[in-house]
Amino acid sequence: LLADAEVLAGPDPELAATMGFSGFGKKARTFDLEAMFEQTRRTAVERSRKVLEAREREKEDQAEKEFRSPCTDSSASAASATGAGSTLNQRYLRGSSESEDSSDEDLTGPSMQSQTSAQGPAEDTDDDEDDEFIGPPLPPGFKDSDDDNDNDDTEEEDNNPIKKIPDSHEITLQHGTKTVSALGLDPSGARLITGGYDYDVKFWDFAGMDASLQAFRSLQPCECHQIKSLQYSSTGDVILVVSGNSQAKVLDRDGFPVMECIKGDQYIVDMTNTKGHTAMLNSGCWHPKIKEEFLTCSNDGTVRTWDVNNEKKHKSVFKPRSVQGKRVIPTTCTYSRDGKLIAAGCQDGSIQIWDRNMSVHTKFHCRQAHAPGTDTSCLTFSYDGTVLASRGGDDTLKIWDIRQFKKPLNSAESLPSFFPMTDCCFSPDDKILVTGTSVKKGGGSGKLFFFYRETFQKLYEIEVTDASVVRCLWHPKLNQIMVGTGNGLAKVYYDPVKSQRGAKLCVVKTKRKERQAETLTQDYIITPHALPMFREPRQRSTRKQLEKDRLDPMKSHKPEPPVAGPGRGGRVGTHGGTLSSYIVKNIALDKTDDSNPREAILRHAKEAEENPYWVAPAYAKTQPKTVFAEVEPEDDETDKPEWKKRKI
């Protein structure tokens with residue numbers, strides 16, 4: 001207040017003009033601060049005394065109503081009067097002392113009323129301190145209504161897992177025309193890679209794509225070999241490429257080669273003594289924890305682990321065996337979620353699991369997991385690591401507890417599979433199992449089936465396209481489902497609410513317009529040592545130069561289309577400009593029959609006689625009369641003897 005009073009009382013006109021008081025035309029007032037403080041103190045004391053008296057009266061009225069007897073009434077009234085007087089004197093003194101102590105503060109109005117109201121029931125003050133809400137109290141039953149709704153929604157989703165499937169929207173990426181046999185997503189979900197039977201590997205960047213959905217890179221890392229498997233490492237910086245040859249490759253994020261596994265000696269019988277695979281690869285995957293280690297399986301009957309930093313030799317070899325102890329071919333392989341176990345599905349229908357550090361004997365095995373002679377196309381562990389799902393070539397999908405490996409927990413049948421890499425995968429919450437089905441050409445649509453993990457009840461199905469569904473991948477961070485089909489498509493299913501990033505980034509971008517004017521620009525040749533008269537002026541702005549070239553009739557002249565038919569306007573026709581081409585064209589068009597040359601010459605005799613042009617006018621006086629031989633009828637010669645007949 002002192003500072004405000006000094007400012008308001010100051011006679012400085014510049015300050016008044018700055019503060020906006022110059023337009024009133026009045027001088028600033030002066031204030032007596034001591035008088036103001038004294039007046040404020042008196043007002044506060046008076047109001048607090050009135051409030052206290054009113055409260056004492058209310059207490060007396062309540063006491064009179066409770067005690068109706070006259071004797072107790074008189075004593076109670078006397079006691080209440082003396083008590084009221086003492087309390088009044090005490091509270092008056094305390095109120096006056098508090099007002100004097102707080103006289104340095106800005107106390108205007110009923111301060112004691114606020115203090116006494118603040119000294120209400122302790123429960124109210126505690127509730128106010130705990131809640132700390134601003135504004136009037138909420139009506140009963142409305143306090144946690146939003147939370148209740150959210151809880152209801154989550155309970156509904158838990159009770160109905162179909163609502164967790166993100167299939168409301170989809171985009172289609174055109175990989176090619178042949179089967180998309182491999183899919184891979186990096187851990188962050190920013191890039192997708194697809195590989196197929198057309199030997200191509202294509203890179204798709206969701207953040208860099210627009211609505212045209214074009215791949216930013218395409219390459220053939222393994223020349224003329226079909227791509228069997230593609231997978232990003234746990235860090236996302238390198239890619240494992242497994243193709244139809246015997247050597248797996250590792251590429252970096254942009255598709256440039258990092259390492260290539262060595263090929264083994266195919267003349268050595270014991271596969272342990274070879275440095276690499278000697279036959280076609282079937283599958284491969286990265287270690288989930290160690291970023292430099294990966295796993296491959298091959299038709300040479302081995303499963304091998306590799307180190308990216310050592311391409312000269314494998315790390316370890318696992319050799320699956322049949323019941324008779326013979327070599328059996330592994331068709332798929334995978335790591336457990338913690339990386340401690342290695343599982344392989346074999347052609348004799350068995351699933352064999354080793355400890356990663358012990359390659360001699362299997363830790364778990366099931367001999368009759370699937371039908372013998374069929375290719376088990378996929379093995380995958382659940383996120384909790386206790387359950388193994390297998391997709392068999394016998395049109396089944398089974399789920400196993402590896403601790404009780406003799407019998408499957410659940411099984412689903414009548415799921416056709418024509419490809420040796422048909423996939424199955426778990427949902428991010430580990431409650432749903434997904435797989436695709438194969439169809440023959442013209443035999444219907446390939447579908448994506450969703451099974452509940454606990455009961456193996458079929459929850460949902462999606463008709464993808466009129467071809468087989470080969471690969472499927474449910475990314476846990478994006479919450480989007482990627483599907484590779486038999487007709488060269490890669491589809492991405494997503495939900496705008498439940499899904500994150502991924503396909504949502506590229507569908508909102510418009511297609512880029514092609515700049516056709518760029519074809520008109522001329523190359524700028526830099527000649528630093530040329531003479532000034534021959535030096536070209538430096539182009540300052542490409543856009544301005546394009547606009548100038550567009551206005552120039554010579555530079556922006558549209559090339560005329562080729563002449564169709566005879567030449568015109570000084571332009572030669574399509575047949576060519578040489579004499580030989582002209583003659584050849586006319587010969588081809590001449591349809592007259594020149595089999596009888598005499599008749600061909602005499603055909604022009606009458607016209608030459610009536611209208612002589614070349615030879616006849618020059619020899620008009622000396623030209624003899626032409627005499628032609630008359631053809632005798634053939635009947636005359638029939639009567640002659642043979643020796644008199646003309647010999648032809």
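Good morning. The accessible surface of this protein comes to about 41400 Å², and 52% of that area belongs to carbon and sulfur atoms. Please keep in mind that the model is predicted. Of the 648 residues, 34% count as buried. The secondary structure comprises 13 helices and 28 strands. Among contacts with a separation of 6 or more, 49% join residues 24 or more positions apart.

Let me turn to the interior. The largest nonpolar core has 17 residues, and those with the most contacts inside it are Ile 171, Leu 173, Leu 192, Phe 206, Met 209 and Met 482. Two or more residues of this core come from each of strand S1 (169–174), strand S2 (180–185), strand S28 (489–494) and helix H8 (503–507). Apart from this core lies another, of 15 residues, including Ile 432, Val 434, Leu 459 and Tyr 493.

What does Met 482 touch, once residues up to four places away in sequence are set aside? Its partners are Leu 183, Leu 185, Phe 206, Arg 471, Cys 472, Leu 473, Lys 491 and Val 492.

Two loop residues deserve attention. Leu 478 sits in the loop between strand S26 (469–475) and strand S27 (480–485). Leu 478 counts as buried because its relative accessibility is 0%, against a cut-off of under 20%. Its C-alpha atom is 4.7 Å from that of Gln 500, which is 22 residues away in sequence. Beyond its neighbours within four places, Leu 478 contacts Leu 185, Ser 188, Gly 189, Ser 499, Gln 500, Arg 501 and Gly 502.

The second is Phe 456, in the loop between strand S24 (446–452) and strand S25 (458–465). Phe 456 is likewise buried, with a relative accessible area of 9%. Its C-alpha atom is separated by 9.3 Å from that of Lys 398, 58 residues apart along the chain. Outside its neighbours within four places, the contacts of Phe 456 include Leu 397, Ile 399, Leu 433 and Phe 451.

I now come to the charged pairs. The structure holds 19 salt bridges. In one of them, the side chains of Glu 170 and Lys 491 meet at 3.1 Å, N to O. Glu 170 belongs to strand S1 and Lys 491 to strand S28, so this pair ties together parts that are 321 residues apart in sequence. Which side of the pair is buried and which is partly exposed? Glu 170 is partly exposed at 40% relative accessibility, whereas Lys 491 is buried at 10%.

Arg 453 forms a salt bridge with Asp 430, the closest N and O atoms being 3.3 Å apart. Arg 453 lies in the loop between S24 and S25, and Asp 430 in the loop between strand S22 (424–426) and strand S23 (432–436), so parts 23 residues apart in sequence are tied together. Arg 453 is buried at 11% relative accessible area, and Asp 430 is buried at 9%. Elsewhere, salt bridges that share partners join Glu 38, Arg 41 and Arg 42 into one network.

Finally, the surface and the annotation. Leu 579, Tyr 582, Ile 583 and Ile 587 form a nonpolar surface patch with about 440 Å² of accessible area together. Of these, Ile 583 is found in helix H10 (residues 579–589) and is partly exposed at 39% relative accessibility.

An unreviewed UniProt entry lists residues 173–205, 274–316, 335–355 and 379–403 under "repeat: WD". Over residues 173–205 the model has 0% helix and 58% strand, with the end C-alpha atoms 11 Å apart. For residues 335–355, the values are 0% helix, 57% strand and 10 Å. Thank you.

Terms used
Residues are numbered from 1 along each chain as its sequence is written. This is a predicted model: local features need pLDDT of at least 70, side-chain atom pairs count only at pLDDT 80 or more; totals for chains, interfaces and linings use all residues. Side-chain values use heavy atoms; hydrogens and water are left out. A nonpolar core is a set of buried Ala, Val, Leu, Ile, Met, Phe, Trp, Tyr and Cys residues joined through side-chain atoms within 4.5 Å. Buried means under 20% relative accessible area, exposed over 50%, partly exposed in between (1.4 Å probe, protein chains only). Helices (H or I, at least four residues) and strands (E, at least two) are DSSP runs, numbered from the N terminus. Contact means heavy atoms within 4.5 Å. UniProt positions are given in the numbering used here, feature names are shortened, and annotations may be inferred rather than shown by experiment. Patches are made of residues with over 30% relative accessible area and no salt bridge: like charges are joined within 9 Å, nonpolar side chains (Val, Leu, Ile, Met, Phe, Trp, Tyr) within 5 Å. Accessible areas come from the Shrake-Rupley method with a 1.4 Å probe; for residues, only the protein chains shown count as cover. A salt bridge is a side-chain nitrogen of Lys or Arg within 4 Å of a carboxyl oxygen of Asp or Glu.
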